[in-house]
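Student: Could we take a close look at one part of this structure together? I would like to follow the strands of a sheet and then see what packs around them.

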Amino acid sequence: MEHTKWYRDKVFYQIWPRSFRDGNGDGIGDLWGVYEKLDYLQQLGVDGVWFSPLYPSPGVDCGYDISDYMDIAPEYGGMEAFRAVLDGLHQRGMKLIMDLVVNHTSDEHEWFQKSRRRIEPYTDYYIWRPAGPGGKLPNNWDSHFEGKAWQWDALRQEYYLHLFAVRQPDLNMDNPLVREAVKKILKFWLDLGVDGFREDVVTFLSKKEGLPDDRLYPVFKGIRFYNHGPHIHEYLQEFRRDVLDGYDCVTIAEAPMVTPRQALDYIADPGSREIDMMIQFQCMCADCFFSDYMPRKFSLRRLRRAFSTWQRKLEGRGWNMLYLENHDHPRVISRYGSERYRVESGKMLAVSYLFLKGTPFIYQGQEIGMTNWYPEKTAMYEDVQTRNQKPDWPEEKRLKLYHRASRDSARTPMQWTAGKNAGFTTGTPWFYVNDNYREVNVETELADPDSLLNFYKKAIALRKRLPVVRDGSYHDHCFGSGKLYVYTRETQRQKLLVICSFTDKPVRFRPPRGCDLNRMQLLLTNYDGSLEGSGFVTRPYETRVYLHET
Ligand code: NOJ
């Protein structure tokens, strides 16, 4: 089937279903709740939704531990609610993307339960190894969430590999039966009418033969033996050839630590085009090393480098996926912006990435400027990754780290109103509501023309109106600056100038060569944008978007 690349014109919205909107009053977000909010999404101007996992799951990793790939969890409304949402989106001309999590399953998945008991054909569905002398682990790899990457199974009397939580055993993708099972899953959802997949840690699927000890890396031990492993391209090409090529669908791969050069091996077009877009992590590392739990001071230079390198290296060869928030990271205003200048910096951050080349994703709550959550005790955190960070540290120090780094900040219920439970549920919410909901909520912001929410609407609409945002070349300017991020996008007929101040301090902005502000039209700004000659001094977190047309 022809691949029309329809996703290049779209703006997506990510829903983390448990916290979006509860439609039946049980305190847990669900698809009935999503159904109620379809018009909200359409009015925001987004063209599609990526759903974090909706499948049945024991919830060890909030749905990323799947126990049945071909069903929708009853607490989310089951298949009936899913069909209603799918139809509702399609009727509005919007797309639906599922999360495909096949690096691992839940330990409650039938495959794992049979594999433990050596019931064929499931015996080799997972990565099992005998204990070494004295019960020694098969190798020294770390898991990302819970200690070492091996867990002893008393029933099978072997270790199994888990790159994430203990209860998330890794599938053995080298087994052709497992790959056939993955293809069945893809086909099942595509035949139901979904428009594509976001593929969880997909670059981890193929592990190096022999699973060697890692004697190099001090952190994430083992990752060099399973990230971009030996057969990854083969397997992804197989999925494309046998299933995906039969549908005009999109695939987006989550790819920790991927560089643009490595990304092109997956997404180059023309090329094997195993995947359409990669979720890179550099844009999440402007205030940390590798992971949010290794903090360092925010650096605009680092963020600019991430944006600019990806823009330049993919130009004409691949397509970018753009984001500043998702369910795995704390809120961006609290990280790269300012809670004190919440609205101003939220608007500036929106502009910083919405006018880049690629397909932007907006995470639930980002559009209203939700910020980090600051509970009083570490015991209030829910997330398996968070709870296992620095267990031996004193409470106070741990709490400080979690406040800064925990992804639970992105998982508090969506704030719809200033009323009870922020309008998320009529029951008891499954998780804490952020205290700032009386001020930060959809209802209040819809009523305020200057709100962040209405700014997002304008920015999205503008992006869609201007061909230069989709097609134009990218140039960054003021690159020595640690305070201003300035870029232009250019086609023969249009030139867009984007100015973003990442500070509350005044900075003198001088337009780059070829940009005369007096001859350009100011299209979008977060202040009353009076022109002051050919340059201006920025106000806190000021942003402006100018256009020149010939
Ligand atoms: C990446 C997902 O985005 C994250 O939420 C999850 O915990 C891990 N993969 C494991 O599936």
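Student: In which order do the five strands of the open sheet follow each other, and is the pairing parallel or antiparallel?

Tutor: Happy to help! First, a word on the source: this is a predicted model, where local features need pLDDT of at least 70, side-chain atom pairs count only at pLDDT 80 or more, and totals for chains, interfaces and linings use all residues. Residues are numbered from 1 along each chain as its sequence is written, and side-chain values use heavy atoms, with hydrogens and water left out.

Now the sheet. Its order is β12-β13-β14-β18-β16, and the pairing is antiparallel. Strands (E, at least two residues) and helices (H or I, at least four) are DSSP runs numbered from the N terminus, and two strands pair if DSSP finds at least two bridges between them. At the edges stand β12 (473–477) and β16 (521–525); each has a single partner strand, so one side of each is left without a neighbour in the sheet. On average, neighbouring strands are turned by 20° against each other, direction ignored.

Let us follow the edge at β16. Its antiparallel pairing with β18 (residues 543–549) runs over four bridges, and Q521 has L547 in β18 as its bridge partner. Helix α14 packs on the sheet here, touching β16 and β18, with its direction at about 140° to that of β16. Contact means heavy atoms within 4.5 Å; axes are lines fitted to C-alpha atoms, for helices over the stretch in contact, and angles run from 0 to 180 degrees between N-to-C directions.

Helix α14 (residues 452–465) also meets helix α10 (residues 342–354): their axes come within 10 Å and cross at roughly 15°. The two helices are therefore roughly parallel to each other (angles under 35 degrees count as roughly parallel, over 145 as roughly antiparallel, 65 to 115 as roughly perpendicular and the rest as oblique). Among the residues making this contact are V343 and L354 of α10 and F455 and R463 of α14.

At the other edge, helix α8 (residues 300–314) lies across β12 and β13 (484–490), running at about 155° to β12. Helix α8 has a helix beside it too: the axes of α7 (residues 260–267) and α8 come within 10 Å and cross at roughly 45°, and α7 and α8 are therefore oblique to each other. In this contact, P260, A263, L264 and I267 of α7 meet T309, W310, K313 and L314 of α8.
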